[in-house]
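Open the model in your viewer and keep the selection panel at hand. The stops below go from one side chain to a helix and then to the cysteines.

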Amino acid sequence: MAIAPSERSAHLEQFVVTAKQMRAIESRVFQAGMPVAALMEKVAGLITQRLLEQWPDRTTGFGIIVGPGHNGGDALVVARELHFRGYGVKVLCPLLSKLKDLTDSHAHYAVSLGIPFVAATDDLADCDVLLDGLFGFGLTRSLTNDLAALVNTINQWSIPVISIDIASGLHTDTGEVLGTAVRASQTLCLGLWKRAFLQEVALDWLGEAELVDFGLPLADIQAVIGEPQEVRITDQAMIAALPLPRAANTHKYKQGHLLVIAGSQQYPGAAIMTALAARASGVGMLTVAVPATLQPLVSAQVPDALVLRLPENDAGVMTHLPDAVDGSRYTAIAFGPGVTPNAVDVARRVMESDRPLVIDADGLNILASDLGLDGLANRSDPAILTPHLGEFRRLFPDIDAGDRIEQVRTAAQRCGAIVLLKGARVAIADPQSGHVWLNPSSTSALARGGSGDILTGLLGGLLAQGTLRGTSPTTITQNAVWWHAQAGRYAARDRTELGVDAITLANTLIPALQWKLALP
Ligand SMILES: NC(=O)C1=CN([C@@H]2O[C@H](COP(=O)(O)OP(=O)(O)OC[C@H]3O[C@@H](n4cnc5c(N)ncnc54)[C@H](O)[C@@H]3O)[C@@H](O)[C@H]2O)[C@@H](O)CC1
Ligand SMILES: [K+]
């Protein structure tokens, strides 16, 4: 059955594949009768189209770097098409004697057309654009000797490099640099997102990444992937997960009641930032529990929140939750920002509550140093841990095998909580299924103090609302990560990456949502 192009694109955008899966999908398509050469023509035609759009001026000179496999074949077909359209084209093919048959055919044909093949990397130094067709998902070994020298040389130039499928030298699954790798300004990822694009170690090499859909049948993709273990977070799924629209006859208690427990005399701002972001989530009721002396300050900043005064010690650290703070009154609890590592009794009470829980910052440090993780698996309602890498290492010191995606999966399964590992590509793991969701679109503007407090408040607010709507806690967690990142991106458009302080970020949450909702 045919599906609409927008629906197909939303489907494709959520898949993440390994090299092995991509190879298996490709094999099915070839076995079904699609000629390899025809598919290569189709892919190269789409790449050529992108290049023509970006460089319509026919005086642009292209340097085409061709490897031994079909990535090199793609590049040669593009070279031919650019040549036919009147562009200047030079080909550098360092492994000319080792070309796969189809690639070799294209090389012969290119020579017959009079396209110049150059011998030295420096012969490309006067090109305006380089096309990297050295290796795609077939790269198996590290780049060494002459190939490594070639890559290191072009990386020193300031000529834009467009990589076909993946920046050559990156491991398709882990994103690791194998010896050395091309530093692309742009990568045209073919067919399906390879796992490397969701690995933060690869980001500096991939440049701007775009998916080029060349029509792989969804049935073949689904037959190979089965139930997806790793999923890319998409706008479409996240817009659908928002607590919108609200029921016309709702009232504030039906929109969730979040208890934020945060702050200390040393870190009063953490309570304010968490509360401001919780407020922007649209949560029906917000209560903020802080050490008593902070109450006037927090009330002044967030007058619409109920601010509870907790007993505190001489250092301004909350000492315990009085019995009057009855956890059962709340739909969700967010605990940890700025409480200091000494708020151990409060942490214990929070862990004992049966409410859906977000634990962040010092809350995580207290788990690591005092309470341990054993209490998490037996809770009736979910707990969500939101560590950055440092906190992750303290919580799970012995998890170091595999890449980030595997590590976060292991961590969730081990502790029985949802684990959200922060970073340039946030990864969220579900303890039961082992599924991992990856956020593909973010901004370095978020690498800043206070940004995590905003995420905690937003996540808490969405958890309180989503729990009542029956949204799954992993979907709510994705929703918060996505919204937080989009707000960062939206704010950075106006203010650059330097201008997205935490308060600005909190104030941008709603405008960013309007921006996303206005998109088709
Ligand atoms: N999957 C698909 O459906 C399609 C794939 N196409 C292209 O085909 C590519 C994959 O093609 P291939 O499987 O031929 O793989 P590659 O083009 O990535 O190259 C693999 C070749 O390089 C050699 N090699 C690996 N590491 C090396 C090293 N360090 N030094 C020297 N040689 C090394 C291998 O022995 C093999 O011959 C994709 O990335 C894409 O560009 C497109 O042409 C058509 C559609
Ligand atoms: K490449």
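A residue counts as buried when its relative accessible area is under 20%, and as exposed when that area is over 50%. The coordinates come from a predicted model. Colour the protein chain by pLDDT before going on: its mean is 96, and 99% of its residues reach 70 or more. The model scores are ipTM 0.97 and pTM 0.96.

**Stop 1: Q199**

Select Q199, in the loop that runs between β8 (193-194) and α7 (203-206). Is Q199 buried or exposed? Its relative accessible area is 2%, under the 20% limit, so Q199 is buried. Next, show its surroundings. Leaving aside residues up to four places away in sequence, Q199 touches D173, T174 and G175, and also D403, R404 and I405. For D173 there is a specific atom pair to display: the side chain of Q199 reaches the backbone oxygen of D173 at 3.2 Å.

**Stop 2: helix α2**

Now select residues 19-31, which form helix α2. Put a distance label between the C-alpha atoms at its two ends; they are 18 Å apart. That agrees with the span of 18 Å expected for 13 residues at 1.5 Å a residue.

Within α2, colour A19, M22, I25 and V29, which are buried. Then look down the helix axis: the buried residues fall within an arc of 125°, so they line one face of α2. The spacing fits a general rule: an α-helix has 3.6 residues a turn, so residues three or four places apart point the same way. For the other side of α2, select K20 and Q31, which are exposed.

What do the buried residues of α2 pack against? Show β1 (16-17), β7 (186-190), β8 and α8 (218-225), the elements they contact. β8 is also one of the two elements that flank the loop of Q199. Before leaving the helix, select G33, which follows α2 and has a positive phi, near 120°.

**Stop 3: the cysteines**

How many disulfides does a search of the whole structure find? The search finds zero. Take C127 as an example: the nearest cysteine sulfur belongs to C93 and lies 15 Å away, and C127 is in no disulfide. The cut-off for a disulfide is 2.5 Å between the sulfur atoms, so the pair C127 and C93 does not qualify. C127 is buried, with a relative accessible area of 8%. Finish at C415, which is also buried, at 2% relative accessibility.

Terms used. Residues are numbered from 1 along each chain as its sequence is written. Chains are lettered from A and ligands numbered from 1 in the order in which they are written. This is a predicted model: local features need pLDDT of at least 70, side-chain atom pairs count only at pLDDT 80 or more; totals for chains, interfaces and linings use all residues. Side-chain values use heavy atoms; hydrogens and water are left out. Helices (H or I, at least four residues) and strands (E, at least two) are DSSP runs, numbered from the N terminus. Buried means under 20% relative accessible area, exposed over 50%, partly exposed in between (1.4 Å probe, protein chains only). A polar contact is a pair of N or O atoms within 3.5 Å; within protein, one must be able to donate a hydrogen and the other to accept it, and residues adjacent in sequence count only if both atoms are side-chain atoms. Contact means heavy atoms within 4.5 Å. The expected span of a helix is 1.5 Å times one less than its number of residues. The arc is that of the directions from the helix axis to the C-beta atoms. pLDDT is the predictor's confidence in each residue, from 0 to 100.
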